[in-house]
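Q: Hi, I have a structure open here and would like to go through its pockets and its core with you. Could you start with whatever stands out about the pockets?

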Amino acid sequence: MKDSIFLKALDQKINSVPPVWFMRQAGRYLPEYQAIRKNYTNFLDMCKQPRTCAELALQPIERFKLDASILFSDILTIPDALNLGLAFHEGEGPKFSRPISSPEDIKNLQAFDVNALDYVFKAVEETKNILPRDLPLIGFCGSPWTLAAYSIEGGGSKNFSKTKNFMADHPDALEELLEILTDACYEYLKQQVLSGVNALQIFDSWADLLLIEELDKFSLRYTHKLVQLLKQDSVTSGTPIILFEKAPKKRIVDIAFDGISCMSLHWQEDIGHVANDLKNRFSIQGNLNPKILLGSDELIWRETRKICTQMNDFPGFIFNLGHGITPDINPAKVMIMIEATRA
Ligand code: CP3
């Protein structure tokens, strides 16, 4: 593991070839994923099979020889453990049958029991067992804000109007929910580390819903608390943490805080500018627009090269996409991106 170029990059070292992995690397764009997925109606049922999760996490590693693996699971396992009635219906994305719709729902929420997520920790163990021995495994969770937004909205949505109304009508109750989720994320990530993950990523996938002051108040404050809890705990203090903020209204340099090792950049960020701001303080992961992978080989080669050239002498660069890969992408195009990175 000490030779891992991914872990070296998280430690702000320059690698002659940048490590590469990408968000949603195990997923529907892979035919070998589809072959297993078709055996389950509800995606969450598949996430509850540790052996299957391990097999799915290994698929992109075998195909592309990536420099890091990510646990196969979902950020919504925590709201599921809080009994909000989560299911993934065909072609619809996540849906909660018992979303949080009032402050009373938060008062009545059942206590979070980390053991309810035992299947995730088993998946970590199974995955570590079958991955190449020197390949790091990334564990993850959603940010408290992103989990709250899904839990209130009851699923995905274009404008998250229920969540925004809840924020306006019941800001104190929302903060209570965020506290609960922060503690749940802490226990969840700690248990993932105890089970064998080598790095952690926090996904703030709904950061873009928030105005600047709201971003501080409802998202970063809780992510900050989560990171502090992890850094104060001897089990997790040495595990590097990556933070992904999706299209935030604040500059990355004004978001990054002590305890974070690496900022994962959304594709809208200008990676060269952010690199100037963060140099020698944080590592950077990113940030090719996944849509580029729908273009010609030449376009993929050019855009990948542009990022790698800009980041050539940056201490701590990890090549990644600027958001998750989508099901419409041809795996052959991914291979071109990886070859371009390594070239
Ligand atoms: O390789 C990996 O990254 C696999 C592990 C992983 C999944 N989801 C598997 C998954 C990870 C790290 C996630 C994170 C996740 N889940 C996020 C944060 C990343 C981001 O995209 O911003 C979010 C917001 C979710 C919530 C979620 N899960 C949604 C909205 C959906 C449905 C829409 C979609 O993109 O499919 C999922 C389902 C999901 N999670 C799938 C996979 C492979 C597809 C499910 C299927 O096969 O039907």
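A: This is a predicted model, and a good place to begin is the largest pocket, where α2 (31-37), β2 (86-89) and β3 (93-96) each supply at least two residues of the lining.

Q: Which of the elements gives the most to that lining?

A: That is α2, which gives 3 residues to the lining of the largest pocket.

Q: And how many residues line the largest pocket, and which lie nearest its centre?

A: The lining is made of 50 residues, and those nearest the centre of the largest pocket are Arg-24, Arg-28, Asp-74, Tyr-150 and Ile-325. Sorted by class, the lining has 24 nonpolar, 16 polar and 10 charged residues.

Q: What volume does the largest pocket have?

A: Its volume comes to about 1500 Å³, while the second largest pocket has a volume of about 310 Å³.

Q: OK, what about the second largest pocket, which residues lie nearest its centre?

A: Ser-16, Pro-18, Cys-308, Asn-312 and Thr-341 lie nearest the centre of the second largest pocket, out of 20 residues that line it. Two or more lining residues come from each of the elements α13 (297-310) and α14 (331-342), and α13 gives the most, with 4 residues. By class, this lining has 11 nonpolar, 6 polar and 3 charged residues.

Q: Changing topic, where does UniProt place a domain feature?

A: The unreviewed UniProt entry places the feature "domain: Uroporphyrinogen decarboxylase (URO-D)" at residues 19-28 and 138-154.

Q: How much helix and strand is in residues 19-28?

A: That span is 0% helix and 0% strand, and its end C-alpha atoms lie 23 Å apart. For residues 138-154, the span is 59% helix and 29% strand, with end C-alpha atoms 27 Å apart.

Q: Now the inside: which residues have the most contacts in the largest nonpolar core?

A: They are Phe-22, Phe-72, Ile-78, Trp-145, Val-334 and Met-337, in a core that has 126 residues. Helix α10 (residues 171-195) provides the largest share of this core, with 11 residues.

Q: Let me follow up on Met-337, what is it in contact with?

A: If its neighbours within four places in sequence are left aside, Met-337 is in contact with Phe-22, Leu-288, Leu-293, Ile-300, Thr-304, Phe-319 and Leu-321. One of these partners, Phe-22, is also listed with Met-337 among the residues with the most contacts inside the largest nonpolar core.

Terms used
Residues are numbered from 1 along each chain as its sequence is written. This is a predicted model: local features need pLDDT of at least 70, side-chain atom pairs count only at pLDDT 80 or more; totals for chains, interfaces and linings use all residues. Side-chain values use heavy atoms; hydrogens and water are left out. On a 1 Å grid over the protein atoms alone, a cavity is a set of points where a 1.4 Å probe fits but cannot get out, and a pocket is an open set with protein on both sides within 12 Å along at least five of seven lines; lining residues have an atom within 4 Å of a point. Grid points are joined across faces, edges and corners, and a volume is the space filled by probe spheres set on the points. Ala, Val, Leu, Ile, Met, Phe, Trp, Tyr, Cys and Pro count as nonpolar, Asp, Glu, Lys and Arg as charged, and the others, Gly among them, as polar. UniProt positions are given in the numbering used here, feature names are shortened, and annotations may be inferred rather than shown by experiment. A nonpolar core is a set of buried Ala, Val, Leu, Ile, Met, Phe, Trp, Tyr and Cys residues joined through side-chain atoms within 4.5 Å. Buried means under 20% relative accessible area, exposed over 50%, partly exposed in between (1.4 Å probe, protein chains only). Contact means heavy atoms within 4.5 Å.
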